[in-house]
Amino acid sequence: MADSKPARAAVAAIKLGAVGAAGVAAATIYLDNGSAIARAEPASPVATQSSPTLTPAVENVFRNGQAGFVVTDIAYALGPDGKAACPKGMTAGVRGLIEAYAKTPAGQRREDEPQRNYERRLGLTVHTAPDGQNLCMFPAAGGADPGWRMVHGRNLKVEGIDLDGAGTSKKAAGATCGHEEFQGLNGERGVDNQFYRVVGCTTGFQPTGQANGFQVEMHTGSWGILMTLKGVDDPRNDPEVEVGFFANSDPIQLSAARAPLSHATYATESNPRYRATTRGRIVDGVLTSDPVDVRFHNVVNSMNDDRELRSARVRMTFTPDGGLEGILAGYTPVESMYDLQFGARRSKTAKGELAPERLRLGTSMGRAGALGYSCHGAYHAMLQAADGHKDPATGRCTSISTQYRIRLAPAFVVEGASQSAKSALVTG
Amino acid sequence: MAFIKFNGAFLRRAGLGACLAMAAGIGWANQSETTPSAPLAEPETPGGPLVMRRLTESQYRATIADVFAPDVPVTGRFERALREDGLIAVATSHGSMSAFSVEQYDVSARSIAAAITGEERRAQFVPCQPEAETKFDKACATKFVEQYGTRLFRRPLAAQERDRFVAVAKAAQQKLGGFYKGLEYALIGMLDSPQFLLRMDHAEPDPSRPGSIRLDGWSKATRLSYFLTNSTPDAELLRAAASGELHTHEGLSRQVDRLLASPRVAVAVRAFFWDMLQFDGFNDLFKDPTIYPGYTVAAAADAEEQTLRTVVSHLVREDGDYRALFTTKKTWVSRPLGILYRMPVATRNGWEQAEYPADSARSGILTDVSMLALHSHPGRSSPTLRGKSMREIFLCQKVPDPPANVNFSIVQDAVNRPGSTARMRLAEHNDNPVCAGCHKLTDPLGLTLENFDGSGGFRAKENGVSMDLSGALDGKEFEGPQGLGQALHDNPGVPACLVEKMYRSAVGREIASPEEPVLEYLLGRFQSARFRVPQLMRAIALSNSFYAVKEQPDTTPQRTVAVAKEGERS
């Protein structure tokens, strides 16, 4: 499930009508209120009659037109690695700033200055704005990082979906700030993935980079995402279905090998900030949804942030085991993305209080060094690349298109009366 | 109402001979035979020998909880229980106590005694206060020893016993310098004593039958209490024992009905079925996590609990028909189990009652994950183990172990034989007539459960192939797990086996041939009570046979064959 190669093979299997490797008939039943439900293990597979052919597991995942899922894998959908996408080289990051500063007179090692103190001084200097503020906490106080490299190139093939409609409509494109767009993996036009454009030349954000492993905390049970489908008359083709996105208030269930388990029960978080529903449709086995603002939890270093996605939508297909895989995409407010992924300015403790400054500073500065960027460089690069939610007052976009590659396993999603342990984090 | 005849001759027909007979085409005994009348009057029986029975782990823990408090720590480990002829309860009267076990009993005794006499809780447990901690208070020590000695030994202490433990208290105080330290060591001595660890039958002359003996009141109370509550006699039962009430039918009935009305009977039913269902096997159960990722440690623990909850709720709380355990759709589920059953479980931490869906292949405890996983291999199901367990657990039939030189390669090699099912592989394996005899007993039952994998999870196919789930029991053919459950429900050997096992568990020994009429009598009572287990327990507890003892050692050939070892895998 975690391996993308079998996943792609599985998708092909669906389209070809092959039975999945699991070959297990499973019926998932979605509960609205934890009420009694029906079939769990049908005695025999359900026959399929129309194209595309789905596995029995997919057929059986629906009960009364409803099904639940838990996200088991989530990562930024990023394009080709730096070798292909960054002809001008990689972002120099903190290390580049230090090297540049060290060449200046002020950056020279002072007489009798111990090496350790010298290195510390260099590090603090490049993280400090001219006005003395820490650049990770106050990135606007610094200018753009001259060593920052963006992904360039209209012809790069990048996973994702067309968010602004520019691929098919020039009128729609006028609603966003101008930006280059990528090609989809199958050559489709207009893929909006400006976050990849910003971080694609940064070492930590390569497709297998450390920064793209944030799901680790999801697998420890710190946060999770649930999805529901309702009103599905035919999982192959249905012009109108309801798609729900929820924060998971239960830890994800794993096997002894730490692989996510299918058919576990999870309760949705009851706080409306972490719940969203929208309309969707299934065409030839491909599920897409209308834009809706969603918000999930994220935990790093025991600090909590929200993972926001405005105008979010999905494009997914069913996997042979009755799950889903595809793209979750939308626009992340630049300020929110900066806090989430770079700056930790407003990260909270589990009690909902602002996390200790030392922890926030250490985390933001530490990961900048480890992942190969500078805080203020990331901030200004995102502002430069922002392509969504134009502020009428300034004419500048405030959010950045973000695409996630996700996989979901069939699950039972219930409306739990229990409140999430993270309820204390909610302030709004 | 037709009456099921308890066919002892059938039950004696065990072992390889039975398998070979089957292989030769001889049908199993006429379990379905019925007779028109039920023997509702208890026959005379010679009784059994006086026995000493070691407390099981659950009895030890329950006893400590009842005598002191549920939160008193029992820190020692318990030796692996010996199972004999299908029951640990029977083996409690056999076997020796290892040095390890004695050591661990002492570990527990020390933890218990330290908690009881420690500064934090001594006011709760010590019934008196010494004049001074540094001075030995004989009266207080005597009161302490008498109070707990009576509860732990399940009878009043003889003066000599009492004085010995008081002397221990005094000696310990002198050496360790505190009155409560003295009490602590006196209590350790009592907890380490065989009089506590072993339930010893004591007999006295029977005034109603000169020249004969009977259990004394304390032994009767002990036998009754552990049978109906799986714990030590309570104060009321000890009072009845002291007054001689247990030797009268009215007095005994009063106590039996009192205990059966208490919630403790559920504990006893649970303990009996844990033993009968061989759930000690979970201690050794392992499943390959690669093959069965959903079979987690939590799921395994909950699987055991699920079946016991189902048994107790059906038999005790709902006063249900024992046979319906094989067909009921009602069950209990937890979140870890919901993954294996593919059922939603709204309750986040804990249990909720549920029903297997009407169109599910599951019904009855035979389709619980516990039974399916326990009698499977680590990486695959086993129709043979499942069939064998059903024969042995629910029909009291002994299926012998496979010969040492049998070749299992055909059966086990599922990986390299795509498209094969267990039925196909077993058919090839059974070309060997030595194997075929026993497999004809086991496989027709176990193959009907093949749509459940080795972890108890549902599967529609094996190796990509649809499975033939047909089976047969004693000439009755059926299809699939629900057919199997119904076949067991309808099989007269099933309640007869329960009667036999529960009686043997109650008396803690094998049964001699002359006692078979008692089983027939109890089976009649069970049937008259529409197979209600508490009513069967009442019939046993009120029967003369339950308490009957004879002075001379029993030289009658045992009617059941001891099983050398359980838990083999074939």
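**Notes on chains A and B**

1. A good place to start is one cross-strand pair in chain A: Phe69(A) stands opposite Pro410(A), the latter in S11(A). Keep in mind as you look that this is a predicted model. The two strands behind that pair are S1(A) and S11(A), the latter spanning residues 397–414 of chain A, and they run antiparallel with eight bridges between them.

2. S1(A) has another partner too. With strand S2 of chain A (residues 225–230), S1(A) pairs in the antiparallel sense, over four bridges. If you want a residue to click on, try Val70(A), whose bridge partner in S2(A) is Leu226(A). As a general reminder when looking at Phe69 and its neighbour, side chains in a regular strand alternate between the two faces of the sheet.

3. Is S1(A) mostly buried or exposed? Of the 10 residues in this strand (residues 67–76 of chain A), nine are buried, so S1(A) is largely enclosed by the rest of the structure.

4. Over to chain B, starting with the overall picture. Its secondary structure amounts to 26 helices and 12 strands. Chain B has 570 residues, and 50% of them are buried. Taking the contacts in chain B with a separation of 6 or more, 71% are between residues 24 or more positions apart.

5. Two annotated stretches of chain B are worth colouring. An unreviewed UniProt entry labels residues 53–116 of chain B "domain: DUF1587". That span is 52% helix and 3% strand, with its end C-alpha atoms 26 Å apart. The annotation "domain: DUF1592", also from an unreviewed UniProt entry, takes in residues 215–341 of chain B. Here the figures are 60% helix and 4% strand, and the end C-alpha atoms lie 49 Å apart.

6. How do H11(B) and H14(B) pack? Helix H11 of chain B (residues 217–229) meets helix H14 of chain B (residues 264–276) at an angle of about 80 degrees, and their axes are 6 Å apart. An angle of 65 to 115 degrees counts as roughly perpendicular, so H11(B) is roughly perpendicular to H14(B). On the H11(B) side the contact is made by Phe227(B), Leu228(B) and Thr229(B), while H14(B) brings in Arg264(B), Val265(B), Val267(B) and Ala268(B). By residue type, this contact of H11(B) with H14(B) divides into five nonpolar residues, one polar and one charged.

Key:
Residues numbered from 1 in each chain as written. Chains lettered and ligands numbered in written order. Predicted model: local features only at pLDDT ≥ 70, side-chain atom pairs only at ≥ 80, totals over all residues. Axes fitted to C-alpha atoms, helices over the stretch in contact; angles between N-to-C directions. Parallel < 35°, antiparallel > 145°, perpendicular 65-115°, else oblique. Contact = placed C-beta atoms within 7 Å. Nonpolar A, V, L, I, M, F, W, Y, C, P; charged D, E, K, R; others polar. UniProt positions renumbered as here; feature names shortened; annotations may be inferred. Buried ≥ 20, exposed ≤ 12 C-beta atoms within 10 Å, placed from the backbone. Pairing = 2+ DSSP bridges.
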